[in-house]
Amino acid sequence: STQPLPGYPDCGSLEIRYVIPNGLQEDCHPNAGRPYRGTDQTAFLPDNPEGRQVLQLLTKAFDNRLVFTIGTSATTGETDVVVWNDIHHKTSRGGGATRHGYPDPDYLSRVKDELAAKGIR
């Protein structure tokens, strides 16, 4: 998108869309054989060299099944749902860090640290 994110006035933005359908839990999940509810999430990054680097790292993490897990929703308390797995994403363009948005000047370095902690470099 050509729309800049707050804190990144000199570049456009990247939009990541994760669509995970409903399914059955596998042996590696908490309740193998039980159904789970999928998710549809959108996240945002600045379209600059560091943002594109983070996009590549997030893609690698997703391909390694590290971005989401099946568990209990922190917001609804619902069980057997796809939830974030300790790699923070900016799911809002604005509102600042407390609202999962921008501006948040330390976000890109923090998320790279979270990814490195999961072996994604």
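What share of the contacts in the chain with a separation of 6 or more comes from residues 24 or more positions apart? It's 56%. Keep in mind as you look around that this is a predicted model. The chain has 121 residues, and its radius of gyration of 15 Å agrees with the value near 14 Å that a compact globule would have. Here's a tour, starting with the whole chain and then zooming in on some residues.

**The whole chain**

- If you count up the secondary structure, you get two helices and six strands.
- Read from the N terminus, the elements go β-β-β-β-α-β-β-α, so by DSSP numbering, which starts at the N terminus, the last element in that run is helix 2.
- The C-alpha trace spans about 50 × 30 × 20 Å along its principal axes.
- Of the 121 residues, 40% are buried.
- The accessible surface is about 7100 Å², and carbon and sulfur atoms hold 49% of that.
- Charged side chains come as 13 positive and 15 negative ones, and the centres of these two sets are 1 Å apart.

**Helix 2 and its two sides**

- Helix 2 covers residues 107–117, and its buried residues are Tyr-107, Leu-108, Val-111, Glu-114 and Leu-115.
- Those buried residues sit on the same side of helix 2, because they cover an arc of only 120 degrees around the axis.
- Turn to the other side of helix 2 and you'll find Asp-113 and Ala-117, which are exposed.
- What lies over the buried residues of helix 2? The cover includes strand 4 (39–46) and helix 1 (49–63).
- After helix 2 comes Gly-119, with a positive phi near 85 degrees.

**The loop between strand 6 and helix 2**

- Ala-97 is in this loop, which connects strand 6 (81–84) with helix 2.
- Is Ala-97 buried, partly exposed or exposed? Its relative accessible area is 42%, so Ala-97 is partly exposed; the partly exposed range runs between the buried cut-off of under 20% and the exposed cut-off of over 50%.
- Leaving out residues up to four places away in sequence, Ala-97 touches Lys-90, Pro-103 and Asp-104.
- Ala-97 and Asp-40 are 57 residues apart in sequence, and their C-alpha atoms are 21 Å apart in space.
- Pro-103 belongs to this loop too, and the peptide bond leading into it from Tyr-102 is cis, with omega near 5 degrees.
- Pro-105 is another residue of the loop, and with 73% relative accessibility it counts as exposed.
- Pro-105 and Tyr-8 are 97 residues apart along the chain, yet 9.2 Å separates their C-alpha atoms.

**Two positive phi angles outside glycine**

- Which part of the chain holds Arg-65? Look in the loop between helix 1 and strand 5 (68–71).
- Arg-65 isn't a glycine, but its phi is positive, at about 60 degrees.
- Arg-65 is exposed, because its relative accessible area is 52%, and the cut-off for exposed is over 50%.
- Asp-80 isn't a glycine either, and its phi is also positive at about 60 degrees.
- You'll find Asp-80 in the loop between strand 5 and strand 6.
- Asp-80 has a relative accessible area of 10%, so it is buried, the cut-off for buried being under 20%.
- What does Asp-80 touch, not counting residues up to four places away in sequence? Its contacts are Gln-25, Asn-31, Arg-34, Pro-35, Tyr-36, Arg-37, Ile-70 and Gly-71.

**Before strand 1**

- Pro-9 is in the segment that comes before strand 1 (13–20).
- With 62% relative accessibility, Pro-9 counts as exposed.
- Pro-9 and Pro-46 are 37 residues apart in sequence, while their C-alpha atoms are 9.3 Å apart in space.

Methods. Residues numbered from 1 in each chain as written. Predicted model: local features only at pLDDT ≥ 70, side-chain atom pairs only at ≥ 80, totals over all residues. Heavy atoms only, no water. Helix = DSSP H or I, 4+ residues; strand = E, 2+ residues; numbered from the N terminus. Rg over C-alpha atoms; globule rule 2.2 N^0.38 Å. Buried < 20%, exposed > 50% of the residue type's maximum accessible area, 1.4 Å probe, protein only. Contact = heavy atoms within 4.5 Å. Areas by Shrake-Rupley, 256 points an atom, 1.4 Å probe, with all protein chains shown as cover. Lys, Arg positive; Asp, Glu negative; His and termini not counted. Charge placed at Lys NZ, Arg CZ, Asp CG, Glu CD. Arc of directions from axis to C-beta.
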